[in-house]
Amino acid sequence: MVKFSKELEAQLIPEWKDAFVNYWQLKKHVKKVKLSRLANNNTSHKHQYSKTTSSSSSSCNPINHDYGLSIFDPVRSFFHRCIPLNYNAASNDPPPAAEILQVKLDSIHMEQEGEDRYDDDGDDESELVHHLYSEEDEVKLFFEKLDEELDKVNQFYKNKETEFLARGEMLNKQLQILLDLQQLIVDRRRRLNSGRASPASSGFLRSYSSGRTSDSETGSEFGERGGGETDDVISALEKNGINLVGAATRGKTKKGKPKTAMRIDIPATTPTRTITAVTSMLWEDLVNNPAADKQKEGGGGGGGEYINRKKLQCAEKMIRGAFVELYRGLGLLKTYSSLNMVAFVKILKKFDKVSSQQSSTTYLKAVKRSHFISSDKVVKLMDEVESSFTKHFAKDDRKKAMKFLRPRQQKDSHMVTFFVGLFTGSFVTLFAVYAILAHISGMFSPGTEADYVETVYPVFSMFALLSLHLFMYGCNLFLWKATRINYNFIFEFQAATALKYRDAFLICTCMMTAVVSAMVLHLILVSHGFSPSQVDAIPGILLLIFIGLLVCPLNILYRPTRYCFLRVIRNIVCSPLYKVLMVDFFMADQLTSQIPLLRHMESTACYFLAGSFKTHEYQTCKSGKLYREIAYVISFAPYYWRAMQCARRWFDECDANHLANLGKYVSAMVAAGARLTYARQETRLWLIIVLVTSLVATMYQLYWDFVKDWGLFDSKSRNLWLRDELVLKKKGFYYVAITLNFVLRVAWLETVLQFKVGLFESRLLEFSLASLEVIRRGHWNYYRLENEHLNNVGKFRAVKTVPLPFRETDSDG
């Protein structure tokens, strides 16, 4: 049977953890009540103690059976006979209270084996003894604490209920505006097709203007530049008293105030929308200048905006997403209510058991009458959301609607675990075979190592680095899950299709097994007399197979994950045109640690596209000027993409921290360029430049890692140089993480030291350093997401806020 404390810990909403009833603290108060009751019982039996101590040493000390018999009673009886208590046997005074309680604490420990422990946090029982009061005082303190917890739960529930009800009301208004606009366009098109041009009914206006003013002239404005048939739609809107953004004149109400305006705000999440938003902003700045205002006053036409079907489709998608998030939030609030109710019931039952009374029955009735239990607004709103979503977004198909509102959780499969173990064993076996064959064939001997290292090595090492990164990501997924970090919510992954740590390990082991198999096949063919020009196509074939699997349109081999990866890479490459999400800049940070992999991709592409795998002239690529210039581009690209993401976030959020973060990646870009140049021009001047730029970039990166990304180095924290809130219980892990991150951040020193080793050893050293950077990034990932999770917990942010399309503007437009 699973203890309720463990069950509660597993089921509670991580972001609302502090808002739940403090079940563990209440258990400590129950334990204090029990200890106080034991102390009172011992005091009342002082004559019995005196009689017992004056008897012979062979007599048994009486054992209190107030809580039933125990199988450990004979053991306690033996110790009572053989180990006398340290007090004066001739005296009639009872033993000291501390000694009595210590004996009772030992008994409690023995009696509680196999039962719930009251002190889950491992606090010292001596502290409980030290702060022990009378039984009446402890009971009073327990109920006072219970009142505090009940008030906390009720207040949080009321706040969230009010928030979600307001969301629901706003969503209903947004939905009504959308439906009226869609109906208006459909009606207008029908009339245009039939040759009639009568205006739309005025009922459209009433759906969203009510409540804004008492005048029926309150209007709304919508827009996107268009042409053709939308002109007639705009005319129909104007005839119904609806003003247009950018119109030459604006109507006024009967009181002389400008009419209320409303426009469609579609977030600039795509390049087209981003370019449109920027040009619109520039256009507004242009038309809002004094000269343009004078032209408007003189009767000049203004640039009107229009609505179209595509923009309404975007608005519909936004409203649909908002309904899904609202429903999810209501479900979480319902779970919050039920878990807290069970916690109160459990703790009151424990109190009844300890105090041997039923005084909690009345209190339990009060709990059931509390707002978080008695209120039915959440349930009603959930029913309304289900009904509206089914009707307007699922065409009255409830089963389809529930797929959006209640997506199924992906279940763990033992088959996946089995295949992980199978491929891991295969990989280890094949790697051992490869090492033996390489030694027998003399592949790394001075005569053949250059050809092998320069041709086959880049392809295989590229797959090895990618597999290592996948392995580290699988470790991250495992640790995030183990420590209850809600990575699916942070990354906005779909729970039904999100990759789990077993799946990540399976992909990793499959890839490495295939790669090592290709390496073994390559060595076998070479050892049997096949020329390198005949077998060096094997790495290229393997690369094409993996690319084909990555873009495969069939719904196999984790297609949602593959397409999500491609979509994120597209967003990164096209920065800053796409709106930056958490998963986008998180993945871009991963790319900054995979510059060696990108360099290997460059050499591999050149090797196969230039036909060098046939002629086996691997110097063809490296001697080319274009190849050397592209090396700079590849070294800069990940930092450039990340810098552009920071610029986009600053543009969207107007937060100066993003500009400071941009400076970090610019400094890293300069340092990478300096090291690349020094590798080709080993002069004293470039050595000084490398030292200065790399030192500045490293200090910048370390500060951002520890302070901004991890939230550490807080001098005012109750945990020395850490944060106030830590997910891991042992603080030593954080100090080790700081040290490890520092050491791996200065791995660039190898570029300056430049160890004089052979070709194979130099490539092996490069691969080892690249692997260490991947490990450092995987290690960084955990603490980065931990800090993000704690920020969400601090703000009780368990449901994302979806922007709504229809926004009211002020009288100035």
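In this predicted model, a salt bridge links the side chains of Glu-149 and Lys-152, with an N to O distance of 3.0 Å. Glu-149 and Lys-152 are three residues apart in helix α7 (residues 135–193), and are therefore separated by about one helical turn. The two partners differ in their exposure class. Glu-149 has a relative accessible area of 5% and is therefore buried, whereas Lys-152 is partly exposed, with a relative accessible area of 28%. The cut-off for the buried class is under 20% relative accessible area, and residues between this value and 50% count as partly exposed.

A second salt bridge in helix α7 is formed by Asp-187 and Arg-190. The N to O distance in the Asp-187 and Arg-190 pair is 3.0 Å. Asp-187 and Arg-190 are three residues apart in helix α7, so about one helical turn separates them. The relative accessibility of Asp-187 is 18%, and Asp-187 therefore counts as buried.

A salt bridge is also present in helix α26 (residues 595–609), where Glu-602 and Arg-599 both lie. The closest N and O atoms of Glu-602 and Arg-599 are 3.5 Å apart. Along helix α26, Glu-602 and Arg-599 are three residues apart, about one turn of the helix. Glu-602 is buried, with a relative accessible area of 8%, while Arg-599 is partly exposed at 25%. Elsewhere, salt bridges that share partners connect Lys-145, Glu-148, Glu-149 and Lys-152 in one network. The pair formed by Glu-149 and Lys-152 thus belongs to this network. Across the whole structure, the search finds 23 salt bridges.

The packing of two helices was examined next. Helix α29 (residues 625–653) and helix α30 (residues 656–680) have axes that come within 8 Å and cross at roughly 175 degrees. Angles over 145 degrees count as roughly antiparallel, and α29 and α30 are therefore roughly antiparallel to each other. Sorted by class, the residues in the contact of α29 with α30 comprise 17 nonpolar, five polar and five charged residues.

A nonpolar patch on the surface is formed by Ile-541, Ile-545, Leu-549, Leu-554, Ile-556 and Leu-557. Together, these six residues have about 550 Å² of accessible area. One member of the patch, Ile-545, is located in helix α23 (residues 537–551). The relative accessibility of Ile-545 is 46%, so Ile-545 counts as partly exposed. Another member, Leu-557, is placed in the loop between α23 and α24. The phi angle of Leu-557 is near 50 degrees, a positive value in a residue other than glycine.

A positive phi is also found at Glu-492, where the angle is near 60 degrees. Glu-492 is situated in the loop between α20 (487–491) and α21 (501–527). With 39% relative accessibility, Glu-492 counts as partly exposed. A further backbone feature is the cis peptide bond that joins Ser-575 and Pro-576, with omega at about 10 degrees. Pro-576 is part of the loop between α24 (559–573) and α25 (582–592). These backbone features stand out because most residues other than glycine have a negative phi, and most peptide bonds are trans.

Two pairs of residues were also compared by their separation along the chain and in space. Arg-745 and Leu-772 are 27 residues apart in sequence, and their C-alpha atoms are 9.7 Å apart. Arg-745 is found in helix α32 (residues 732–745). The relative accessible area of Arg-745 is 12%, and Arg-745 is therefore buried. In the other pair, Ala-401 and Phe-389 are twelve residues apart along the chain, and 6.5 Å separates their C-alpha atoms. Ala-401 is located in helix α16 (residues 398–405). The relative accessibility of Ala-401 is 0%, so Ala-401 counts as buried.

Technical notes:
Residues are numbered from 1 along each chain as its sequence is written. This is a predicted model: local features need pLDDT of at least 70, side-chain atom pairs count only at pLDDT 80 or more; totals for chains, interfaces and linings use all residues. Side-chain values use heavy atoms; hydrogens and water are left out. Axes are lines fitted to C-alpha atoms, for helices over the stretch in contact, and angles run from 0 to 180 degrees between N-to-C directions. Helices (H or I, at least four residues) and strands (E, at least two) are DSSP runs, numbered from the N terminus. Angles under 35 degrees count as roughly parallel, over 145 as roughly antiparallel, 65 to 115 as roughly perpendicular and the rest as oblique. Ala, Val, Leu, Ile, Met, Phe, Trp, Tyr, Cys and Pro count as nonpolar, Asp, Glu, Lys and Arg as charged, and the others, Gly among them, as polar. Patches are made of residues with over 30% relative accessible area and no salt bridge: like charges are joined within 9 Å, nonpolar side chains (Val, Leu, Ile, Met, Phe, Trp, Tyr) within 5 Å. Accessible areas come from the Shrake-Rupley method with a 1.4 Å probe; for residues, only the protein chains shown count as cover. A salt bridge is a side-chain nitrogen of Lys or Arg within 4 Å of a carboxyl oxygen of Asp or Glu. Buried means under 20% relative accessible area, exposed over 50%, partly exposed in between (1.4 Å probe, protein chains only).
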